[in-house]
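Q: Please take a close look at one part of this structure: the charged side chains that pair with each other. A reader new to the structure would like to know where they sit and how exposed they are.

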Amino acid sequence: MTTAITFRALTRDDLSAVKAIIDDTEMFPSEMLDDMAAPFFDDADSQDLWFVACTDEVIGIAYCAPERMTDGTWNLLLIAIAPNCQGQGAGKQFMAFIEQHIKNNPGRILLVETSGLPEYALTRNFYPQCGYVQVACIPDFYQAGDDKIVFLKKLT
């Protein structure tokens, strides 16, 4: 991507733009986003991390949270790049930013999960390109016939 990308914390003003990205990528119903992000905005003790990737507009969103009862294990629960910006390196840059932020938090491990359905093949191919290793497949996790695929990257 030739346009410079910056990364920052999500703001309430970003919600319309990131909902459009989520709708365009067909990840999940964007109406869920308000409830998902509410602890980040409303709870000063929340450890959740929400970021946006920006050029002259918001082009991506990510959500990470620490895994309870672990020492330095984090989950990347959402990452999405606007379809017109995919395949240009924005996602890899965003992952590197997230990894560095978590590493400095301090985090040791970042887990990423995705669906085993055919329409998620590009997503499953993306994570190994960023240095992640598939460590688990939980059959029928999301629903019958929809496996949960888990990727891991050690950050230390």
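A: Arg12 is partly exposed, at 48% relative accessibility. In this predicted model, the side chain of Arg12 forms a salt bridge with that of Asp42, at 2.5 Å from N to O. The two residues belong to distant parts of the chain, 30 residues apart: Arg12 lies in the loop between strand S1 (6–9) and helix H1 (15–25), and Asp42 lies in helix H2 (residues 33–42). Asp42 is exposed, with a relative accessible area of 56%.

Helix H2 also takes part in another such contact, between Lys19 in helix H1 and Asp34 in helix H2, which links distant parts of the chain, 15 residues apart. Asp34 is partly exposed, with a relative accessible area of 36%.
In the salt bridge of Lys19 with Asp34, the closest N and O atoms are 2.8 Å apart.

A further salt bridge joins the side chains of Arg8 and Asp14, with 2.7 Å from N to O. Here Arg8 is partly exposed, its relative accessible area being 34%, whereas Asp14 is buried, at 6% relative accessibility.

The pairs described here are among the five salt bridges counted in the structure. In general, side chains of opposite charge can pair when their charged atoms come close.

Disulfides are another matter: the structure has zero of them. The sulfur of Cys64 cannot form such a bond because the closest cysteine sulfur, in Cys130, is 13 Å away, which is too far. Cys64 is buried, with a relative accessible area of 0%, while Cys137 is partly exposed, at 40%.

Definitions and conventions. Residues numbered from 1 in each chain as written. Predicted model: local features only at pLDDT ≥ 70, side-chain atom pairs only at ≥ 80, totals over all residues. Heavy atoms only, no water. Disulfide = S-S within 2.5 Å. Buried < 20%, exposed > 50% of the residue type's maximum accessible area, 1.4 Å probe, protein only. Salt bridge = Lys/Arg side-chain N within 4 Å of Asp/Glu carboxyl O. Helix = DSSP H or I, 4+ residues; strand = E, 2+ residues; numbered from the N terminus.
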